[in-house]
Amino acid sequence: MAIDVKLKPVAINFTLKDHIYDVLRESILEVDIYDDEKELRLDERQLAEQLGISRTPIREALARLAQDGLVEILPRKGVFIHRKSLDEILDMIVTWAGLESMAAHLAAGVATDVDLKALRKFAMSHSVSASKLELSQYSDANIKFHLAIFDLSGSPLLKSTAEGLLTHMYAVRRRAMGENDRATHSVADHMEIIDSLEARDSELAARLVREHTMRLHDHIRDRWTRLTNLEGPRNRAKPNLKSR
């Protein structure tokens with residue numbers, strides 16, 4: 001059985017190739033691909049029918065997504081959302097820790113007081129009621145918090161590199177956030193990070209950010225060992241893909 005995709009038909013006046021690519025990409029990023037009950041196979045015909053278009057632009061979009069590492073196209077088997085191995089996930093997190101640690105180091109020196117005040121306000125607006133929020137809402141806020149540190153670093157290359165990596169970490173962060181009360185611990189860590197940035201302590205900010213991310217690394221290393229048995233497109237069930 002193929003994945004059950006819910007998409008709306010698109011008007012002919014869209015730049016079709018880019019639009020289809022964006023719709024499928026955003027939908028894939030919403031899927032909890034590390035749940036072993038999730039279906040990972042995509043059906044070209046079903047996608048085309050729901051969007052009200054031919055299969056040609058679907059195939060072109062899927063080819064681009066394969067280049068991005070988000071899907072796998074397997075001859076005679078089909079197209080599958082790509083799930084990273086445990087080793088790949090851990091390597092991505094280590095890389096992210098290095099990038100964000102440097103971003104925090106820079107941000108402590110160059111971010112304006114106004115920017116840091118805005119960061120604290122954003123963090124507080126979600127931390128006060130974190131336990132009451134939908135987990136997906138807090139997860140999204142958590143990702144925005146970390147991206148904000150890259151913004152404050154003043155380094156466009158650090159930010160763009162991190163955004164490319166984040167493409168493959170959305171599902172990882174969202175799933176991990178719901179485990180072992182990580183949302184509560186995340187709030188506390190964020191406030192300490194903000195304190196260090198406001199104190200203009202570059203070394204402390206870099207260390208706190210690095211340790212924060214490496215706690216995610218250690219959590220996944222210790223708890224996600226089942227991924228060694230779930231690699232590849234051999235899992236079946238039904239995730240919900242949503243167009244934006």
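This is a short chat about the cavities and salt bridges of a predicted model.

Reader: Ok, how many cavities of 30 Å³ or more are there?
Author: The predicted structure has three of that volume. In the largest cavity there is about 140 Å³ of space.

Reader: Which residues are closest to the centre of that largest one?
Author: Ile-33, Leu-70, His-82, Thr-167 and His-168, out of 15 lining residues.

Reader: And which helices each supply at least two residues of the lining?
Author: Helix H1 (16–29) and helix H8 (170–177) do.

Reader: What's the lining like, nonpolar or charged?
Author: It splits into 10 nonpolar residues, four polar ones and one charged.

Reader: Switching topic: how many salt bridges does the structure hold?
Author: There are 17. One of them joins Asp-189 and Arg-215, with the closest N and O atoms 3.0 Å apart. Asp-189 sits in helix H9 (residues 182–198) and Arg-215 in helix H10 (residues 202–223), so this pair ties together parts 26 residues apart in sequence.

Reader: Is Asp-189 buried or exposed?
Author: Asp-189 counts as buried because its relative accessible area is 13%, and buried means under 20%. Arg-215 is partly exposed, at 40%.

Reader: What about Arg-64, what does its side chain meet?
Author: The side chain of Asp-18, in a salt bridge of 3.0 Å, N to O. Arg-64 is in helix H3 (residues 55–67) and Asp-18 in helix H1, 46 residues apart.

Reader: Which residues are linked in a network of salt bridges?
Author: Glu-30, Asp-140 and Arg-174 are.

Notes
Residues numbered from 1 in each chain as written. Predicted model: local features only at pLDDT ≥ 70, side-chain atom pairs only at ≥ 80, totals over all residues. Heavy atoms only, no water. 1 Å grid on protein atoms, 1.4 Å probe; cavity = no way out; pocket = protein on both sides within 12 Å on 5 of 7 lines; lining within 4 Å. Points joined across faces, edges and corners; volume = space filled by probe spheres on them. Helix = DSSP H or I, 4+ residues; strand = E, 2+ residues; numbered from the N terminus. Nonpolar A, V, L, I, M, F, W, Y, C, P; charged D, E, K, R; others polar. Salt bridge = Lys/Arg side-chain N within 4 Å of Asp/Glu carboxyl O. Buried < 20%, exposed > 50% of the residue type's maximum accessible area, 1.4 Å probe, protein only.
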